[in-house]
Amino acid sequence: ITNPPVSVNAHLDTWVSFHCEGEGDTLVWQTSEGPVTDEIKESRNISIYPGITTPGIVNSTLVILAKYENDGLFIGCIIFGSSVFDSTGANLYVKAIGPVEDLFFNISMNEYAIVVWNPPSFVADDVNTLSYRVVIEDDNDNPLVDIVTTDWEHEVSIDILNICSIYTVIVTAYDNLYTSDSSIIQEEYIGEYSASIVDH
């Protein structure tokens, strides 16, 4: 193999190309799961584009979407012919932070809001410490709270509460390299008892 694929660090939802070229008659791509079948193409968001071949030389390009499920995926190239067999491979590393999960928001009678979430299930291996930005907006999109914390649970005071108004909580995880998609939840403040959650 004269031009092997090389490992790639990629941002989330970008398309990444792996190229392979060498002496032989046939080139086959494989992943950690085995040869690239139609099923693997669909599940992994893979496309394969054969290159222009010359006698005794084969080449091809594999294009794959950098998504959470493809992080660390092995991409292998096998070239063989009547008198040659060679194989090599590389890896795709997705550099991102996933959104926080299981976001819960509740406003109590004393005008305190409890915001609870679980950390992202996907965090790139070069992330050291996660911070969380928590924003609470009223139904006119005015920010009432805008704080940064490293905790997964936060209790905050809301100064202005209007009965039957809907409040929106936005939680975003980040570090010095990456920022997650925001997780959003809404809740209607009823007044005398716990508010009901409105899915968003």
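Y68 comes out as partly exposed in this predicted model, at 26% relative accessibility, and the model being a predicted one should be kept in mind throughout. Its ring partner F122 is buried, with a relative accessible area of 12%. Two aromatic pairs turn up in the count. In one of them, Y68 and F122 sit 4.9 Å apart, centre to centre, with 40° between the planes, which puts the pair in the tilted class. The tilted label follows because 40° is neither under 30 degrees, as stacked would need, nor over 60, as edge-to-face would need. As for where the two rings come from, Y68 belongs to the loop between β6 (57–65) and β7 (73–80), and F122 to the loop between β10 and β11, so the pair ties together parts that are 54 residues apart in sequence.

The loop between β10 (112–118) and β11 (131–137) also holds D126, a residue that takes part in a salt bridge with K95. The side chains of D126 and K95 meet at 4.0 Å, N to O. With K95 in strand β8 (residues 85–95), this pair ties together parts that are 31 residues apart in sequence. K95 is the buried partner, at 12% relative accessibility, while D126 is partly exposed at 29%. K95 counts as buried because 12% falls under the 20% limit.

K95 has further dealings in the same neighbourhood. Its side chain makes a polar contact with the side chain of D125, at 2.6 Å, and K95, D125 and D126 are linked in a network of salt bridges. Setting aside neighbours within four places in sequence, K95 is in contact with N9, A10, H11 and L12, and also with A124, D125, D126 and Y178. Among these, N9, A10 and H11 fall within the residue range of β1 (8–11).

Beyond the K95 pairs, what else makes up the salt bridges? The count comes to four in total. One of them joins R44 to E33, with the closest N and O atoms 3.1 Å apart. R44 lies in helix α1 (residues 38–44) and E33 in the loop between β3 (26–31) and β4 (34–35), so parts that are eleven residues apart in sequence are tied together by this pair. The two ends differ in accessibility class: R44 is buried, with a relative accessible area of 13%, whereas E33 is partly exposed, at 46%.

Another salt bridge pairs D146 with R133, and here the closest N and O atoms are 2.5 Å apart. D146 sits in strand β12 (residues 143–149) and R133 in strand β11, 13 residues apart, so to speak a link between distant parts of the chain. Neither end is buried: D146 is partly exposed at 42%, and R133 is partly exposed at 39%.

Turning to the strands, there is an open sheet of five, ordered β1-β8-β7-β3-β4, with mixed pairing. β1 and β4 stand at the edges, each with a single partner strand, so one side of each is left without a neighbour in the sheet. At the β4 end, β3 and β4 pair in the antiparallel sense over two bridges. In one of the bridges, Q30 has P35 of β4 as its partner. K95, discussed above, is found in strand β8, one of the five strands of this sheet.

Strand β7 of the sheet also carries one half of the disulfide, C77. How many disulfides are there, and which cysteines are involved? The count comes to one, and the link is between C20 and C77, their sulfur atoms 2.0 Å apart. About the S-S bond the angle is -80°, making the link left-handed. C20 lies in strand β2 (residues 15–23) and C77 in strand β7, 57 residues apart, and the pair links distant parts of the chain. Both cysteines are fully tucked away by the numbers: C20 is buried at 0% relative accessibility, and C77 is buried at 0% as well.

Terms used:
Residues numbered from 1 in each chain as written. Predicted model: local features only at pLDDT ≥ 70, side-chain atom pairs only at ≥ 80, totals over all residues. Heavy atoms only, no water. Helix = DSSP H or I, 4+ residues; strand = E, 2+ residues; numbered from the N terminus. Buried < 20%, exposed > 50% of the residue type's maximum accessible area, 1.4 Å probe, protein only. Phe/Tyr/Trp six-rings, centres within 6.5 Å; stacked < 30°, edge-to-face > 60°. Pairing = 2+ DSSP bridges. Disulfide = S-S within 2.5 Å. Polar contact = N/O pair within 3.5 Å; in protein donor to acceptor, adjacent residues only side chain to side chain. Contact = heavy atoms within 4.5 Å.
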